Amino acid sequence: MTEGTSTGVPEDFAAHLLGVFNSGMLTLMIGIGHRTHLFDVMATLPPSSSSEIAEAAGLDERYVREWLGAMTTGGIVNHDPASLTFVLPAEHAASLTREAASGNLAVMAQWVGLLAQVEDKVVDCFYHGGGVPYGAFPQRLWAVQAEVSGVGYDADLIEVALPLVPGLVERLQQGIDVADVGCGSGHAINLMAQTFPASHFVGLDSSVPGLAAARAEAQRFGVTNATFVHQDAASLEGSEQYDLITTFDAVHDQARPDLVLAGIARLLKPGGIYLCVDIAASSVLAENIDHPIGPFLYGASCLNCMTVSLAEGGMGLGSVWGEQLALQMLADAGFTSVEVAHVEGDFLNNHYIATKEQGSSAIT
């Protein structure tokens, strides 16, 4: 029988909770380490004192020293008490530095502090319903999202994701019409446009700052075969215009994802391809218990994806809408064939490859 603590909580569960609290605080400190480039700096240094690390990073030593305390007790950096030096092991740097590219998990840590800034508003929704609109979130949240997705696009989009669709790369090289719905800051479109100059690309989004960032990046890239259009994803206009349509984590937080998917089906030419990259999870809670980042996904959904949808009177699917519901909604939208593809090592995303045949009908 497990003995209890003075509070009556079983010791093993109390220890679990203390670990959770430690991890939560450590997450915030990891986010700070990313923002201040401390991990990047330490990865280039031999064992160094807090003063040497602070000087190399151009930061205040007292704050660096306290941060190093969190990193040491959290098992992130190694500390030599005899020489009072600290070192970031190479095997840890492989998950914490910008040099690690898509392997850099430190960038994700920033979400915790940013989402916590709307906690009071979300608590109010627990009592009164509704949701927290996009405009209530700190603007830096969207910059962090663009940073996270941008690194992923750079690493995998051209070489890994697009080749999942048989013959797609060859068609892009020959020249086809492509749209990205919910394009955000447009990095995916600009990468594809730069790589496949014979094709034409259109990015659709309702975010004015996002579209401005997309156009600015296109100019920096020297891209002339991409355009960006202000468009509500639930009110897509036209029919049979595109050979390929993509969405990247842009469906589950829509107010009316059913209308978005139906609009995408209408916009595709007969035989066109819809590549939907979205969260890899089950629609059944019990099947997500062992998900590597299950609590993170459900928590981020409650504090962002679900609540922004509900704020618009939407369906509130949330991040963990799951594969079963995604397949059903794609079928309801008019897609006659859907394959779920996976990228080795990517536990976060499903790649839904959906096709629409001649005469297929979508919901309206």
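Modeller: Let me start with a definition: a residue is buried under 20% relative accessible area, exposed over 50% and partly exposed in between, using a 1.4 Å probe and protein chains only.

Biologist: Thanks! What kind of model is this?

Modeller: It is a predicted model, where local features need pLDDT of at least 70 and side-chain atom pairs count only at pLDDT 80 or more, while totals for chains, interfaces and linings use all residues. Residues are numbered from 1 along each chain as its sequence is written, and side-chain values use heavy atoms, with hydrogens and water left out.

Biologist: How many helices and strands does the protein have?

Modeller: There are 14 helices and nine strands. Both are DSSP runs numbered from the N terminus, with helices (H or I) having at least four residues and strands (E) at least two.

Biologist: What radius of gyration does the protein have?

Modeller: The value is 23 Å, which agrees with the figure near 21 Å for a compact globule of 364 residues. The radius is taken over C-alpha atoms, and the globule rule is 2.2 Å times the number of residues to the power 0.38. The C-alpha trace spans about 75 × 50 × 35 Å along the principal axes. Of the 364 residues, 44% are buried.

Biologist: Let's go to H1. How many residues does helix H1 have?

Modeller: Helix H1 covers residues 11-35, which is 25 residues. From first C-alpha to last, H1 reaches 36 Å, close to the 36 Å expected at 1.5 Å a residue; the expected span is 1.5 Å times one less than the number of residues.

Biologist: And which residues in H1 are buried?

Modeller: Those are Ala-14, Leu-26, Ile-30, Gly-31, Gly-33 and His-34. The buried residues of H1 pack against helices H2 (38-42), H4 (61-73), H6 (106-116) and H8 (140-161), where a contact means heavy atoms within 4.5 Å. After H1 comes His-37, with a positive phi near 65 degrees.

Biologist: New topic: how many aromatic pairs does a search of the whole structure find?

Modeller: The search finds six. Rings of Phe, Tyr and Trp (its six-membered ring) pair if their centres lie within 6.5 Å; planes under 30 degrees apart are stacked, over 60 edge-to-face, and the rest tilted. The rings of Trp-111 and Phe-296 have centres 6.0 Å apart and planes at 50 degrees, so this pair is tilted.

Biologist: Where do Trp-111 and Phe-296 lie?

Modeller: Trp-111 is in helix H6 and Phe-296 in helix H13 (residues 294-311), so the pair ties together parts 185 residues apart in sequence. Trp-111 counts as buried at 16% relative accessibility, whereas Phe-296, at 28%, counts as partly exposed. Elsewhere, ring pairs join Tyr-134, Phe-137 and Trp-142 into a cluster.

Biologist: Staying with helix H13, which residues does Thr-307 touch?

Modeller: Leaving aside residues up to four places away in sequence, Thr-307 touches Cys-125, Gly-131, Val-132, Phe-137, Ser-301 and Cys-302. Thr-307 is buried, with a relative accessible area of 3%. Ala-311 lies in H13 too, and with the same sequence limit Ala-311 touches Gly-131, Val-132 and Pro-133. At 32% relative accessible area, Ala-311 is partly exposed.

Biologist: On to the sheet. What order do the seven strands have?

Modeller: The order in this open sheet is E5-E4-E3-E6-E7-E9-E8, with mixed pairing; two strands pair if DSSP finds at least two bridges between them. Strands E5 (226-230) and E8 (337-341) stand at the edges with a single partner strand each, so one side of each is left without a neighbour in the sheet.

Biologist: In which sense do E7 and E9 pair?

Modeller: Strand E7 (residues 268-279) and E9 are antiparallel over seven bridges. Tyr-274 stands opposite Ala-354 in E9. Helix H14 (residues 323-333) lies across E7, E8 and E9, at about 20 degrees to E9. Axes are lines fitted to C-alpha atoms, for helices over the stretch in contact, and angles run from 0 to 180 degrees between N-to-C directions.

Biologist: Is His-351 buried or exposed?

Modeller: His-351 counts as buried, at 4% relative accessibility. This residue is in strand E9 (residues 349-355). Not counting residues up to four places away in sequence, His-351 touches several residues, including Ala-161, Leu-275 and Asp-346.

Biologist: Last one: where does Ala-82 lie?

Modeller: Ala-82 is in the loop between strand E1 (78-80) and strand E2 (85-87). At 72% relative accessibility, Ala-82 counts as exposed. Its C-alpha is separated by 64 Å from that of Leu-259, 177 residues away along the chain.
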